[in-house]
Amino acid sequence: MRQGDAEYEAALNETMEILRRWAREGRTDGWYKSLSEELKAKGHHVHYRGLIISHLLGDACRRDSEGIEPMLSAIVLLKATGRPAGQFFELASGAPFHRRAADWTWEQERARVFARYREN
């Protein structure tokens, strides 16, 4: 699977569906491993510690938001820390999101994701 190929696009679409469902459910136990397992059940073999899952989550955020909307992957957490991985914070600080630590936390972002999808 490579970023941009048909298999990747199918996995990206499924990733977005899973994350939107988790957001509607208000899940606070959305682990990277759980996402990997759900993707595998749908025929997409994406390891929870691999580069592809990072690409999928970044692309899901960019596809779901033009920058002002909440970042969908804020609800995916490392089980060891209960927080998103470092790649999430790198994505958050760059374009188009431009989240700054002085006035932003991932917890606020996660709450915004939950609020956005509970409304829809």
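Let me start with helix 2, where Tyr 32, Ser 34, Leu 35, Ser 36 and Leu 39 are buried. Keep in mind that this is a predicted model. What covers these buried residues? Helix 1 and helix 3 are among the parts that do. Helix 2 itself spans residues 32-41. After helix 2 comes Gly 43, with a positive phi near 95°.

Now to the charged side chains, still with helix 2 in view. Glu 38 sits in this helix. Its relative accessible area is 22%, which puts Glu 38 in the partly exposed class.

Which residue lies 2.2 Å from Glu 38, counting the closest N and O atoms? That is Arg 21, and the two form a salt bridge. Arg 21 belongs to helix 1, so to speak across from helix 2 in the chain order, and the pair is 17 residues apart. Arg 21 has a relative accessibility of 27% and also counts as partly exposed.

Glu 38 has another salt bridge, with Arg 27, at 3.6 Å from N to O. Arg 27 is in the loop between helix 1 and helix 2, and this pair is 11 residues apart. Is Arg 27 buried or exposed? With a relative accessible area of 19%, Arg 27 is buried, because the cut-off for buried is under 20%.

These contacts belong to a wider set. Arg 21, Glu 25, Arg 27, Asp 29 and Glu 38 are linked in a network of salt bridges.

Next, helix 3. Where does helix 1 meet helix 3 through a salt bridge? Glu 9 lies in helix 1, residues 6-25, and Arg 63 lies in helix 3, residues 51-64. Their side chains form a salt bridge, with N and O 2.7 Å apart. The two residues are 54 apart in sequence, so this pair ties together distant stretches of numbering. Glu 9 is partly exposed, with a relative accessible area of 27%. Arg 63 is partly exposed as well, at 43% relative accessibility.

How many salt bridges are counted in the model? The count comes to 11. I have gone through three pairs here: Glu 38 with Arg 21, Arg 27 with Glu 38, and Glu 9 with Arg 63.

To go back to the start: helix 2 has buried residues, including Leu 35 and Leu 39, and helix 1 and helix 3 are among what covers them. Glu 38 of the same helix is partly exposed and takes part in the salt-bridge network with Arg 21, Glu 25, Arg 27 and Asp 29.

Conventions: Residues are numbered from 1 along each chain as its sequence is written. This is a predicted model: local features need pLDDT of at least 70, side-chain atom pairs count only at pLDDT 80 or more; totals for chains, interfaces and linings use all residues. Side-chain values use heavy atoms; hydrogens and water are left out. A salt bridge is a side-chain nitrogen of Lys or Arg within 4 Å of a carboxyl oxygen of Asp or Glu. Helices (H or I, at least four residues) and strands (E, at least two) are DSSP runs, numbered from the N terminus. Buried means under 20% relative accessible area, exposed over 50%, partly exposed in between (1.4 Å probe, protein chains only). Contact means heavy atoms within 4.5 Å.
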